[in-house]
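Notebook open, coffee poured. Here is what I looked up, in the order I got to it.

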Amino acid sequence: MSAIIRMEGVSFSYNSDDPQQTQALQGVSLSIEPGEFVAIVGRNGSGKSTLAKHINAILTPTSGEVWVDGISTKDTDSVFAIRQIAGMVFQNPDNQIVATIVEEDVAFGPENLGIPSDEIRRRIDEALSLVRMSDYALHPPHLLSGGQKQRVAIAGVLAMHPKILILDESTAMLDPLGRQEVMETALRLNRERGMTVVLITHHMDEAVRAERVIVLDRGRVVLDGSTREVFSQVDLLRQLGLDVPQVTSLAQLLREQGLNLQPDVLTVGEMVEQLCQLL
Amino acid sequence: MSITIRNLSSVYNPGTPFEVRALDNINLSIGEGEFVGLIGPTGSGKSTLVQHFNGLIRPSQGEVVVDGRSLTDKATDLREVRQRVGLVFQYPEHQLFEETVFADVAFGPKNQGVPEAELKERVNEALTLVGLDPSAICDRSPFELSGGQMRRVAIAGILAMRPKVLVLDEPTAGLDPQGRDELLDQLQQLHSRAGMTVILVSHSMEDIARVATRLVVLHRGQIVADGSPRQVFTQAKMLMDVGLGVPQVTELMLALREKGYPVPEVALTVEEACAIILGLHRGGEGQ
């Protein structure tokens, strides 16, 4: 059992007394290996955030089971162990920062774990350096940009030494530079540290940077494959209320006009490379 | 119905160590029927600026004139100005509070003294404008709707006051691609069919390129570019330097130019980029 996240037949409803209530998740089974970078996409209400909250035991299944690093989230005694393994960063940076100085905010998690203070010091320095915010250790968080605040929030999660980083629409409120900062940070942690990353996003240009994409619709997994496989299904994605990056959509239009392009163009660089051979 | 801003500066916490100059000598005139995209990195002053449009914040220096009346003039009725200039904040659905959609949308006009008999017409009109079916949704609780529907109900609450200018602060943040496209289409219709002046604050260059007729770029409280989307997006380097960007199809044009292909510097939509590349392809075959 090598999967770091495993879900078997997970269903969940927010109001289990009401049979009329539709289920937010319906029989979801999936498994994520250590070191994967997985994007989860789907329209509003498709169950993305509900699924993410099952990974760190904020929610537990109405039926089915979730294992995180081999521990079942049903086991109520393990809730804190699971939350230390799977750290989550949310949408609004201003709702997640608790302290008045950046490094105190990063220290909040490990302090609550009862870790000795010299070890906490070490973890703060390491976490801030990983998100490239060491120079801001003594700054008040409210004066930082949105992207910087989210990187501090990520540092707070990293100081817990997690194995899984979950980003639940963490870039939705950021400007283009802020989004780029958060994406680069997540990609670097994945590549250099082997961190498992679960990225929930409405931005398809972010999702294309994952190696695997899971598409949810009405609480079910409707697509699960490599990023290229998933994004070459432009029409299906549109039916699911989703989108593809502009260059992917352009490639499809040009193919319809008879140009010999691959259907899975994902980035500007790939598009330029292919066009150079045609033009 | 126009908005004119002269030498506007706005300072938070003046005279304290926390003094922040959010806006620095802004001059801007927005005419009737424009669709203005207001862009800028976080902290550039966008939200501060839009709150000056209807007098929610008073200028530290300078003047805001709406429809010929200065907002700093004590005789100007700010209630009337706020009815004319409707402001939709970020995440407006957080402000829904009534028991039914009808009551929530009717709240604004009711407070303005619109007679009971006319309220129904106002609510129906506003919900229809945002693409919702009044008969299906009026009696429902706003809290049992989807995120995208809640957002549209909140916008309808502003439209029910029949503003002449609609200002929206990041209305598509957190919406899925379909919800985003629908909302942008509706804004475009409000602009083209109802003749409304629309001012849209957004972080998405792709969205702005699609709908705006004019772009204003703010950076550190100052206007650093103001022109048609096509003009502004030719300044790709400046936009990236201030933490913004250009639409992906414009990025593609720039990359093709660097390789020596004779393409324009800017493409605003996927369709436009497609036509440019097809032209290039056919031209290549002809030679």
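**Domains of chain B**

I began with how chain B is divided. The domain assignment gives domain 1 as 1-76 + 165-176 + 191-238 and domain 2 as 247-287. I kept in mind that this is a predicted model.

Next I checked how far apart the two are: the C-alpha centres of domain 1 and domain 2 of chain B are separated by 32 Å. They do touch, with 9 residues of domain 1 of chain B in contact with 9 residues of domain 2 of chain B. The area buried between domain 1 and domain 2 of chain B comes to about 760 Å². Carbon and sulfur atoms give 68% of that area.

**Val242(B)**

Then I went to Val242(B), which sits in the loop that joins helix 10 (236-241) to helix 11 (248-258) of chain B. Is Val242(B) buried or exposed? I get a relative accessible area of 12% for Val242(B), so I put it down as buried, the cut-off being under 20%.

I looked for what covers Val242(B). Leaving out residues up to four places away in sequence, Val242(B) touches Pro41(B) and His219(B). I also noted Arg220(B): 22 residues separate it from Val242(B) in sequence, and the C-alpha to C-alpha distance is 9.2 Å.

**His281(B)**

Further along chain B, I picked out His281(B) in helix 12 (residues 270-286). His281(B) has a relative accessible area of 17%, so it counts as buried too, given the under 20% limit. Which residues does His281(B) contact once its neighbours within four places in sequence are left aside? I found Leu259(A), Leu278(A) and Leu279(A).

**Strand 7 of chain B**

I turned to strand 7 (residues 165-169) of chain B and counted 5 of its 5 residues as buried. Side chains in a regular strand alternate between the two faces of the sheet, so I split the residues by side. Val165(B), Val167(B) and Asp169(B) are buried on one side, and Leu166(B) and Leu168(B) are buried on the other.

What does strand 7 of chain B pair with? I found 4 bridges in the parallel sense to strand 6 (residues 85-88) of chain B. There, Gly86(B) has Leu166(B) in strand 7 as its bridge partner. I also found 5 bridges from strand 7 to strand 8 (residues 197-201) of chain B, again running parallel. In this pair, Asp169(B) is bridged to Val201(B). I followed the chain from strand 7 through helix 7 (residues 177-192) to strand 8 of chain B, and this β-α-β crossover is right-handed.

**A sheet in chain A**

Over in chain A, I traced an open sheet of 4 strands in the order 2-1-4-5, with antiparallel pairing. Its edge strands are strand 2 (25-32) and strand 5 (71-72) of chain A, each pairing on one side only. I counted 5 bridges between strand 1 (residues 5-12) and strand 2 of chain A, which pair in the antiparallel sense. In this pair, Ile5(A) stands opposite Ile32(A) in strand 2 of chain A.

I checked what lies on this sheet. Helix 1 (residues 48-55) of chain A packs on it, touching strand 1, strand 2 and strand 4 (63-68) of chain A. The direction of helix 1 makes about 125° with that of strand 1 of chain A.

**Helix 3 of chain A**

I listed the buried residues of helix 3 (residues 102-112) of chain A; among them are Val102(A), Val106(A), Ala107(A) and Pro110(A). Glu103(A) and Asp105(A) are also on the buried list. The buried residues of this helix pack against helix 4 (117-130) and helix 5 (146-158) of chain A. Just after helix 3 of chain A, I noted Gly114(A) with a positive phi of about 75°.

**Positive phi without glycine**

Most residues other than glycine have a negative phi, so I looked for exceptions. Glu169(A) is one, with a positive phi of about 50°. I placed Glu169(A) in the loop between strand 7 (164-168) and helix 6 (176-193) of chain A, and at 10% relative accessibility it counts as buried.

I added Tyr91(B), which is not a glycine yet has a positive phi of about 45°. Tyr91(B) lies in the loop between strand 6 and helix 3 (101-111) of chain B. With a relative accessible area of 12%, Tyr91(B) is buried.

Notes. Residues numbered from 1 in each chain as written. Chains lettered and ligands numbered in written order. Predicted model: local features only at pLDDT ≥ 70, side-chain atom pairs only at ≥ 80, totals over all residues. Heavy atoms only, no water. Pairing = 2+ DSSP bridges. Helix = DSSP H or I, 4+ residues; strand = E, 2+ residues; numbered from the N terminus. Contact = heavy atoms within 4.5 Å. Axes fitted to C-alpha atoms, helices over the stretch in contact; angles between N-to-C directions. Buried < 20%, exposed > 50% of the residue type's maximum accessible area, 1.4 Å probe, protein only. Right-handed = clockwise from strand over helix to strand, strands pointing away. Domains from an automatic or database assignment. Buried area = accessible area lost by both parts, 1.4 Å probe.
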